[in-house]
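Here is a short set of exercises to work through with the model open in your viewer. Try each task before reading its solution.

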Amino acid sequence: MNRFIYPILKSTLCILAIGVLFVSCQEDEFSKTNLLSYKGKYPDESSANLHLTFSDSGRLNSQINPPLLNKYNGEESYMDCPEGIEIISYDFMGKPEAILKADYAISNDRDGCMEARNHVIITNLAKGDTITTEKIVWDKRNRKIYSDVPVRQTRADGTVYLGTGFDADEKFTKYTVRNPRGEIIADDL
């Protein structure tokens with residue numbers, strides 16, 4: 001008799017569990033909690049609190065730290081970091097060389113470029129120079145960083161230059177501000 005009751009009891013419990021799931025989940029709950037959507041589009045993959053480390057021949061090259069990384073597949077596949085991004089590049093000895101921070105970043109496979117937007121700050125740690133702007137483009141194929149929007153360069157000595165853009169190598173060790181103008185601090189004039 002037990003061998004007949006056990007399968008029936010097991011089937012009944014499974015049906016009840018599935019019924020509870022269908023009754024408890026309503027469409028309202030899903031529309032209120034779009035945890036993985038950004039501006040109405042759902043990512044195909046999403047990861048939180050990432051710490052990506054890149055190396056070359058066993059030497060630390062860079063780290064990318066986005067609080068949230070979304071990947072969208074399709075005709076125009078891309079990745080974005082809607083909660084900001086921090087990128088740290090390292091020199092040959094493994095010391096931090098430059099830091100980039102931005103409130104938003106997007107990268108697509110089509111042109112091999114990453115764009116950082118909104119409160120972009122790039123700091124050259126060796127020189128102590130900082131560039132702030134609203135948008136930069138990192139051309140990964142040509143290994144350069146550039147911007148075509150207004151920038152503000154603050155040097156370690158306090159000198160401030162304003163410009164209409166800049167060009168730099170991807171490690172931000174060599175850079176030029178386009179159309180510089182600004183104030184120079186001079187102690188002995």
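The exercises below go from the overall build to charged pairs, the nonpolar core and a few single residues.

**Before you start.** This is a predicted model, in which local features need pLDDT of at least 70 and side-chain atom pairs count only at pLDDT 80 or more, while totals for chains, interfaces and linings use all residues. Residues are numbered from 1 along each chain as its sequence is written, and side-chain values use heavy atoms, with hydrogens and water left out.

**Exercise 1. Describe the overall build of the protein.**

Step 1: Start with secondary structure, taking helices (H or I, at least four residues) and strands (E, at least two) as DSSP runs numbered from the N terminus. The protein has two helices and 16 strands.

Step 2: Turn to burial, where buried means under 20% relative accessible area, exposed over 50%, and partly exposed in between (1.4 Å probe, protein chains only). Of the 189 residues, 31% count as buried.

Step 3: Add the surface, computed by the Shrake-Rupley method with a 1.4 Å probe. The accessible surface comes to about 12900 Å², and carbon and sulfur atoms hold 56% of that.

Step 4: Finish with contacts (heavy atoms within 4.5 Å). Among contacts with a separation of 6 or more, 35% are between residues 24 or more positions apart.

**Exercise 2. Find the salt bridges and place their partners.**

Step 1: Apply the criterion, a side-chain nitrogen of Lys or Arg within 4 Å of a carboxyl oxygen of Asp or Glu. Searching the whole structure gives four salt bridges.

Step 2: Take E86 and K101, whose side chains meet at 3.8 Å, N to O. E86 belongs to strand β6 (residues 85-90) and K101 to strand β7 (residues 96-102), so this pair ties together parts that are 15 residues apart in sequence. Both count as partly exposed, E86 at 21% relative accessibility and K101 at 43%.

Step 3: Look at D148 and R178, which form a salt bridge at 2.5 Å, N to O. Because D148 sits in the loop between β11 (144-147) and β12 (151-154) and R178 in strand β15 (residues 175-178), the pair ties together parts that are 30 residues apart in sequence. D148 is exposed at 56%, whereas R178 is partly exposed at 25%.

Step 4: Extend the search from this pair. D148, D167 and R178 are linked in a network of salt bridges.

Step 5: Include R117 and E115, with 2.5 Å from N to O. R117 is partly exposed, at 30% relative accessibility.

**Exercise 3. Which residues touch the most other members of the largest nonpolar core?**

Step 1: Build the core as a set of buried Ala, Val, Leu, Ile, Met, Phe, Trp, Tyr and Cys residues joined through side-chain atoms within 4.5 Å. Within the 24 residues of the largest one, the answer is I85, L100, I122, I136, F166 and F172.

Step 2: Assign the members to strands. At least two residues each come from β6, β7, β9 (113-124), β10 (129-139), β14 (165-169) and β15, and β9 gives the most, with four.

Step 3: Inspect I136. Leaving aside residues up to four places away in sequence, I136 touches several residues, including L100, I122, I145 and F166.

**Exercise 4. Check the cysteines and a loop serine.**

Step 1: Test for disulfides, meaning pairs of cysteine sulfur atoms within 2.5 Å. The count is zero. C81 is buried at 5% relative accessibility, and C113 is buried at 13%.

Step 2: Find S77 in the loop between β4 (68-72) and β5 (78-81). S77 counts as buried, at 19% relative accessibility. Beyond residues up to four places away in sequence, S77 touches Y72, N108 and D109.
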